[in-house]
Every structure is written in structure tokens, then in C-alpha cells.
Amino acid sequence: MRSEFLSFSPPALSELEVEEVLDVLRKDWLSSGPKTKLFEEKFKERVGAPAALALNSCTAGLHLSMVVHGVGPGDEVVTTPMTFSASCNVVEHQRGTVVLCDVDPETLLIDPREVEKKITKKTKVILPVHYSGHPCDMERINALARGAQAAVVEDAAHCMPSKIGDKWVGSSDNLSAFSFYATKNITTGEGGMLTGRADWVDEARLMATHGMSRDAWKRYQKGGSWKYDIAAPGYKYNLPEMASALGLVQLARLDELFAKRRKIVDFYEKEFAGSKLIVPLKTRAGFQSSHHLYVIQLQTAALSISRDQFIDQMAERNIGTSVHFIPVHIMSYYQKKYGWTPESFPNAFRAYERMLSLPLNSRMTQQDAADVVEAVHDICAKFKR
Ligand SMILES: *Cc1c(COP(=O)(O)O)cnc(C)c1O
């Protein structure tokens, strides 16, 4: 058994990131500035996006998407319970109505057949979540949205880098929100990027800085004017320069970081292939996952311990784990408002009761991964019925 605790998802930073952030601190501009602009350009290039807007979170990107598409009271937004609650909270911010669809039990992605059933005249937005970095079936979801005259907003929080066929997630016209939160595949501590059709991203840009007619970087340059107008009561969602500096380096290192992640996943897949007690998520042909998470579902009927006890056993063996996610429909606010019970979305709830996420990050060594596998096999052997 390992002697040191294996942290679930520490950031993978190098001296390069440290230098870039120090460079910002030595200059005289800390709010969104030239590095933020460059980060947007590089990100746009990297995923082939029509346009890109750096933000201080993915949640901000999702919220601005609701604002751009005019979600308001009475409008319905169709999404999944298997997500971080931010995907639904932003609908509530706009006084819209959250409509949930159950998930495919093998991938835990929103099931397009369920989406079809939930579409009404009030459907304003369909909000698929590319859970764990495996893209949803966007061809079907986009077609459903076209038929319903609804917009599509993609929760791409996990998607650096994810592909559908030969197209990166983020390259479509759909507004798509990425996260650079501390545990995500690439990080700026807190941060996000919104991609999509240029006029929508422009509108989001205006609303991300108070609805101000001209951004601060331009106003404070030599020759810049102190005058500005407020064209709409916007928000304060821009990404500071230090975070953008971090993001630039993380983005440049994306292939290196992803290759490390991929290697750990390949090892896990090989080692768990024969197990009847744990079931990893399925990957569908034609999609490339970013492998943000390595989620396993326990065959709890064949084990004498619960998922919670399994997690405790992992911790006793010095392995940090997590659960992605506690489904939105069992959160007290949503239960109360919508009257949902755990059984309202049985696939999501069943998965939740049996799932845990194993450590997966670009910092892990081969030995770390071997320790995780050993712990899982050891617990399975000990508590097999
Ligand atoms: C992390 C996450 C978010 C929110 O990202 P922030 O950058 O923290 O706002 C949204 N959706 C999903 C699925 C996430 O995992």
C-alpha cells in the first residue's frame, strides 16, 4: 500500500506557467489585457472556433449563453441531471424552467430519444453536457433543435480536447462553454472560454463587461478615451491577465498533458478489462473523449459494501476519489421547486448510487496508476460476495 495520499486532481503546472504569471505581475496591467486577447486567439485557432471569449468561469459562459438566447420566464431549457448544478443554475438565474432528460446508462450522456420526448412549444434551448469529455450525439441533438426552432448551448466544461469525427468540440456555431477550473484538464485556477457564432460571442462579450461600449484595456491606452456607454445592464465576467497567462501556457502544453492522461486511461482500461465488479464508461466509435474523468460503476449487488464504503476503503489505502455528479434532480432546491424524486430519472440516479471517479490527471506517474489499480482489485477481492 502506498504511504503518501494520492490527490484526486492536482493541477499540472510547470515553471513555464510560473514565469508567464510573473511576467504579468512585472508589467502594469492586471485585468483582461493583451494576454487575454492572445489566449482567446490561440484557443479559437486550437479548436477551430468561429469566435472565442475568455471568461472568469464556465458558469459565466453558460449564463451569458442563456442571456444571448433570451431565456426568460416561461422558457424551457432541456438538459441532463448528470452534470454539475451550474448547468441548471444559470437557467434559474434567468427565471427559466429546467427540463431534465434521463441519460444513457452506458455513457451517462443525455439520451436524444428522451430529449425528443421533452420538447414543447416553450423549448428555447437544448443544453447537452459532454460528460467526462465524451461528446454527445450532436448530429441528433442539433437536428432536434432545428425542428423545435430552439438554440443549442453545449456544456463543454470537460472538453479539452474532445472531438466528434474530425471536428473539435467548440468548432460549431453553437455557443459552447469550457472550464479552466482548478480540477479541469487545463486550468487557470478559475476561468472559462465561450466559443460559437461570432455575433453571439460579440453579444456575450458586451454583457461580460457590464454592457460597456468599450473595454478597459482600450480606454486606458495612450490615445484611449475615458468615455464609455452602458448599452445594457451587463455582468462582470472577464478573465484577469494573470489567469490568461496561465491559460496560454496550459493551452500550449495541451498535447503533452493529454498524452499523459491518455496513457493512464489506457492502463486502467487494460487492468480493469476482466473485472466483473467494476464497469468503466463506454466510449462510442467516432468520438474522441478528453478523458476528463475516469468513472467506474460498481456492481454493488456482487459486493458486500456500498459505494460510500468503497470510497472509504480507497481513502484508507491513501487514494483520493470523487463522485461526478450528485445528480441535479436530488439537490434540495431542485427537488422542492420541481417536485422531482430520485426515481424521476432512474438511470442517472442508479448510476449515481454506484459510481466513483478514480484519480486521473496529467501529474500521475505509472506507479500512482498502478497503486490505484491495486487498491481497486484489493477491495473487490476483500468484499466480493
Ligand atoms: C466544472 C463544471 C462546470 C462549471 O465550471 P466553472 O468554470 O467552475 O464555472 C460546469 N459544468 C460542468 C459539467 C462542470 O464539470
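This is a short tour of a ligand site and a small sheet.

Before you click, remember that the model is predicted: local features need pLDDT of at least 70, side-chain atom pairs count only at pLDDT 80 or more, and totals for chains, interfaces and linings use all residues. Residue numbers run from 1 along each chain as its sequence is written, and side-chain values use heavy atoms, with hydrogens and water left out.

**Stop one: the ligand**

Select the ligand and show what surrounds it: 15 residues, counted when one of their heavy atoms lies within 4 Å. The closest are Thr59, Asp155, His158, Ser179 and Lys184. By type, the shell splits into six nonpolar, seven polar and two charged residues, where Ala, Val, Leu, Ile, Met, Phe, Trp, Tyr, Cys and Pro count as nonpolar, Asp, Glu, Lys and Arg as charged, and the others, Gly among them, as polar.

Now pick out the ligand's oxygen atoms. Where does Thr59 come in? A polar atom of its side chain sits 2.5 Å from a ligand oxygen. Next, click His158, whose side chain puts an N or O atom 2.6 Å from an oxygen of the ligand. Cys58 uses its backbone instead, with an N or O atom 2.9 Å from a ligand oxygen. Switch on a surface here: the protein covers 93% of the 380 Å² of accessible area that the ligand has on its own (Shrake-Rupley method, 1.4 Å probe).

**Stop two: the sheet**

Move to the open three-stranded sheet, ordered β7-β6-β11 with antiparallel pairing. Strands are DSSP runs (E, at least two residues), numbered from the N terminus, and two of them pair if DSSP finds at least two bridges between them. Color β7 (167-168) and β11 (287-288), the edge strands, each pairing on one side only. Then select β6 (residues 163-164), which is joined to β7 by two antiparallel bridges. Finish on Lys163, standing opposite Trp168 in β7.

Notes
A polar contact is a pair of N or O atoms within 3.5 Å; within protein, one must be able to donate a hydrogen and the other to accept it, and residues adjacent in sequence count only if both atoms are side-chain atoms. Helices (H or I, at least four residues) and strands (E, at least two) are DSSP runs, numbered from the N terminus.
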